[in-house]
Amino acid sequence: SCGTRHSLSSWTDPKRGIGCGRDHIVTEFKKIAAESGGRLHIVVEHFEVTAPRTGNRPVPMENGYAILPGDDPALEKTVFVVSGHFDSIPSNIMDSQTDAPGADDDGSGTAVSIECARLLVRGHYRSTLVFATVSGEEQGLLGGTRLLKYLEQHGYTVGGMLDNDIVGADFAPGAPHRVRLFSGGGKVDDCDSPSRELARLVEEIDGRRNIRLIFRLDRLGRGGDHIPFYEAGFPAVRFTEPLENYHHEHQTPRIENGIEYGDLMKFLNFDFMARVARDNAEALRELAMSPAPPSDVELAGAVTPSAKVSWNAPQDDQRAGFEILWRETTDPRWSVFGFRKAPGEFVFEGVSTDNHFFAVRSVGKNGARSIAVPAELQRRR
């Protein structure tokens, strides 16, 4: 209803432009905050940015955040983030005047972030939850980059980031299908990235019937707001619908050769989008209830009959212990090998270091599990 939400359109017109979209988001966050007992804080961050897709000139932009502080003093500065971008574009990426409804890209992801706030706002969690809506994604991931900087400036450590971008439809025949979950693998040959471990845990929480793991940072030639977090070394993944229809992305609304182009609301599948919101909310809930991941997870035992994994962890009276994980080098998922109540060393009797990967994760007394931390060879330290 705002006509366009191009990041270079008006921030002050209440009826047309990206400021109209921001106003809607803030209104929805305020409704949700009223149910939080004063715990949900709404932040509209104003910033200025210069980039090739701003014409290499400084322009104003804004992000909207709803922040639910964690209850645990030891974990309240750890944040789990869900985000969608509320800007849109027509066929010409620099055209801020033409209609660009942006229903799927990325009104859908913005709606998921807002809905996660509504679903989770009455709960209490150990870590802090951030429900983010950002601008400037189409101008070069500008809002996502600013979100990361905002969190760092306020002393937060990112425990995990869920980016929802184009999650509103299920165009492939034979629906319903699973939402795709993209994750980059990192640069260490025998040790996956924190982002890949976050993806595995999200699939474990939500179930294989709902999540399709894609072991790739993003679609080929494309990008999203999880990438700045991934490149900074934080766990960050991207949710995207099963099969995109490019007639309804980055297209000025029109009919051409009998084909209707445009990212219009009528092409959305709200049942599918609701399932994506549920998957995000459940993953966020368990992540924010989990203990801190173990640290200093090291693998030893090379050129011996048995692998040895050691790790550290802070004191935590809400932690039940640690699951020791392993998998074949060709297996995409972890299996639990053993359990220990305290940090220290675990010996895989008769298991060679060469044939498996190993990891450790924390388990809370409430059953919530942290992201797994792969064991790295001591020589990498």
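A residue counts as buried when its relative accessible area is under 20%. At 0% relative accessibility, C116 therefore falls in the buried class. The structure described here is a predicted model, and the points below take up its disulfide, its eight-stranded sheet, the nonpolar cores and a further sheet of 4 strands.

**The disulfide**

- The structure holds 1 disulfide, which is formed by C2 and C20, with their sulfur atoms 2.0 Å apart.
- C2 lies in the segment before helix 1 (18-33) whereas C20 belongs to helix 1, so the pair ties together parts that are 18 residues apart in sequence.
- Because the torsion about the S-S bond of C2 and C20 is about -70 degrees, this disulfide is left-handed.
- Both of the cysteines, C2 and C20, are buried.

**The sheet of 8 strands**

- An open sheet is formed by 8 strands in the order 1-2-4-3-5-8-6-7, and its pairing is mixed.
- Strand 1 (41-49) and strand 7 (211-214) stand at the edges with a single partner strand each, so one side of each is left without a neighbour in the sheet.
- From one strand to the next, the twist averages 25 degrees.
- Strands of a sheet pair through backbone hydrogen bonds, in either the parallel or the antiparallel sense.
- Strand 2 (residues 59-68) pairs with strand 4 in the antiparallel sense over 5 bridges, and within strand 4 the bridge partner of G64 is T133.
- Strand 3 (residues 78-85) runs parallel to strand 4 and is joined to strand 4 by 7 bridges, with H85 standing opposite V134 of strand 4.
- Strand 3 also pairs with strand 5 (residues 157-164) in the parallel sense, over 6 bridges, and T78 has T157 as its bridge partner in strand 5.

**Strand 4 and the helices around the sheet**

- In strand 4 (residues 128-134), 7 of the 7 residues are buried, so this strand is largely enclosed by the rest of the structure.
- In a regular strand the side chains alternate between the two faces of the sheet.
- T128, V130, A132 and V134 point one way from strand 4, while L129, F131 and T133 point the other way, and all are buried.
- A right-handed β-α-β unit is made by strand 3, helix 2 (residues 103-120) and strand 4.
- Helix 3 (residues 142-153) lies across strand 1, strand 2, strand 3, strand 4 and strand 5, and runs at about 55 degrees to strand 2.

**Nonpolar cores**

- The largest nonpolar core has 53 residues, of which L129, F131, L162 and L284 touch the most other members.
- Helix 6 (residues 270-289) gives the most to this core, with 9 residues.
- Leaving aside its neighbours within four places in sequence, F131 is in contact with a set of residues that includes F29, L40, Y65, V82, C116, L120 and L284.
- A second, separate core of 17 residues includes Y65, V81, V130 and F234.

**The sheet of 4 strands**

- A further open sheet has 4 strands in the order 14-13-16-17, with antiparallel pairing.
- At the edges of this sheet stand strand 14 (335-340) and strand 17 (373-374), each with a single partner strand, so one side of each is left without a neighbour in the sheet.
- Strand 13 (residues 319-328) pairs with strand 14 in the antiparallel sense over 5 bridges, and I324 stands opposite G338 in strand 14.

Notes:
Residues numbered from 1 in each chain as written. Predicted model: local features only at pLDDT ≥ 70, side-chain atom pairs only at ≥ 80, totals over all residues. Heavy atoms only, no water. Disulfide = S-S within 2.5 Å. Helix = DSSP H or I, 4+ residues; strand = E, 2+ residues; numbered from the N terminus. Buried < 20%, exposed > 50% of the residue type's maximum accessible area, 1.4 Å probe, protein only. Pairing = 2+ DSSP bridges. Right-handed = clockwise from strand over helix to strand, strands pointing away. Axes fitted to C-alpha atoms, helices over the stretch in contact; angles between N-to-C directions. Contact = heavy atoms within 4.5 Å. Core = buried A, V, L, I, M, F, W, Y, C linked by side-chain atoms within 4.5 Å.
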